[in-house]
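Please open the model in your viewer and keep the selection panel at hand. The stops below are meant to be taken in order.

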Amino acid sequence: MEKKIRVGILGATGMVGQRFVTLMDQHPWFTVTVLAASARSAGRSYEEAVGGRWKMEGPMPDYVKEMPVLNIDEIDRIKDEVDFVFCALNMPKDEIREIEERYAKAEVPVVSNNSAHRWTPDVPMVVPEINDQHFEVIEAQKKRLGTKKGFIAVKPNCSIQSYAPLLTAWLPFEPYQVLATTYQAISGAGKTFEDWPEMKGNIIPYIGGEEEKSEQEPLRLWGEIRNGEIVKSDRMVITSQCIRVPVLNGHTAAVFVKFRKDPTFEELVEAAEAFSGYPQENELPSAPKQFIRYLTEDNRPQVSLDVDYENGMGVSFGRLRRDSLFDWKFVGLSHNTLRGAAGGAVLCAETLVSKGYIG
């Protein structure tokens, strides 16, 4: 790419915003030209605005330390300094929905980590390996918004990344009933153990809104475009429970599946490990070379050993075995702030660039 694409990060001072900052450091296609946050952070350097709240494992990249933080409401200024923005705002959903539309109507494409627009009928919610074709609905969205290049695209919830890719790889075997219990890391709530000391040695059997997302969002990934809207699939029923556990990064899922066909162990593993999509075919910068891998050891996948597989962009699964009530069961693992959040949004942005929607 001869000239790098200019990127803004909305909500740059929060945990997901910080993850975007680290992922943009030396990205081959993108360069950060705007960091924006709420009014209380605006007007300070990024290092000053973040203060002692840097939550990433490594140090803050030098390239952002002295960058000024702008107010997210300065759209007239920001729109001239970016080619698109990532949205990592932590605000009420109605406020996020409104500000994302304001950016889109100002002809700034928005690639969002937020859930505010996941069920807006003409907003694509995409895992690029699964449903990159849903980006086609952007043309209908632009007609509704009255824009030439402004639009909103989103990625799905982090909790589904550890099992929805596997179910997608197994669609030829016709899965129709799924039970998934997710064991979710505290970074999914934007927390570290310093922020949330009561999570040490503890679990909380409730995460607001997560079970509905875990049950419904995969159905939208498998949906189809009809009359300029995405209509969710009815090919299977998913029920779930979502539990917060004392892990920093990594969402684990224990999953039980019924199939209309009768796949063998070998067929299931082969289909999963061979599964790939648009990012792999087009060698996008953030794409894992092998999206899904199977681990044969009885005690894998483990967060401490496997969460960073393919730089946190791959999915690991293990313990695939027959079940007495369902047909098969397995344990899946994905990195919730990389594949599940900022990294997934970056891969969406790379796909949008590759397809000509951003640039």
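Begin by selecting Val85 and, in β5, Val110, since in this predicted model the two residues stand opposite each other. Widen the selection to residues 84–87, which form strand β4, and to residues 110–112, which form β5, and you will have two strands that pair in the parallel sense over 3 bridges.

Next, bring in the rest of the sheet, which is open, has 6 strands with parallel pairing, and runs in the order β3-β2-β1-β4-β5-β6. At its edges stand β3 (69–71) and β6 (152–154), each of which has a single partner strand, so that one side of each is left without a neighbour in the sheet. If you turn the view, look for the angle between neighbouring strands, which on average is 30° when direction is ignored.

Now select residues 93–105, helix α5, which packs on this sheet and touches β1 (5–10), β4, β5 and β6, with its direction at about 150° to that of β5.

For the last stop, move to helix α10, residues 265–274, and colour Leu268, Val269, Ala271 and Ala272, which are buried. Looking down the axis of α10, you will find its buried residues within an arc of 165°, so they line one face of the helix. Which elements do the buried residues of α10 pack against? Select α8 (164–169) together with the strands β11 (251–259), β12 (292–295), β13 (315–322) and β14 (328–334), and you have these packing partners on display. Finally, rotate to the face of α10 turned away from its buried side, where Glu266, Glu270 and Ala274 are exposed.

Key
Residues numbered from 1 in each chain as written. Predicted model: local features only at pLDDT ≥ 70, side-chain atom pairs only at ≥ 80, totals over all residues. Heavy atoms only, no water. Pairing = 2+ DSSP bridges. Helix = DSSP H or I, 4+ residues; strand = E, 2+ residues; numbered from the N terminus. Axes fitted to C-alpha atoms, helices over the stretch in contact; angles between N-to-C directions. Contact = heavy atoms within 4.5 Å. Buried < 20%, exposed > 50% of the residue type's maximum accessible area, 1.4 Å probe, protein only. Arc of directions from axis to C-beta.
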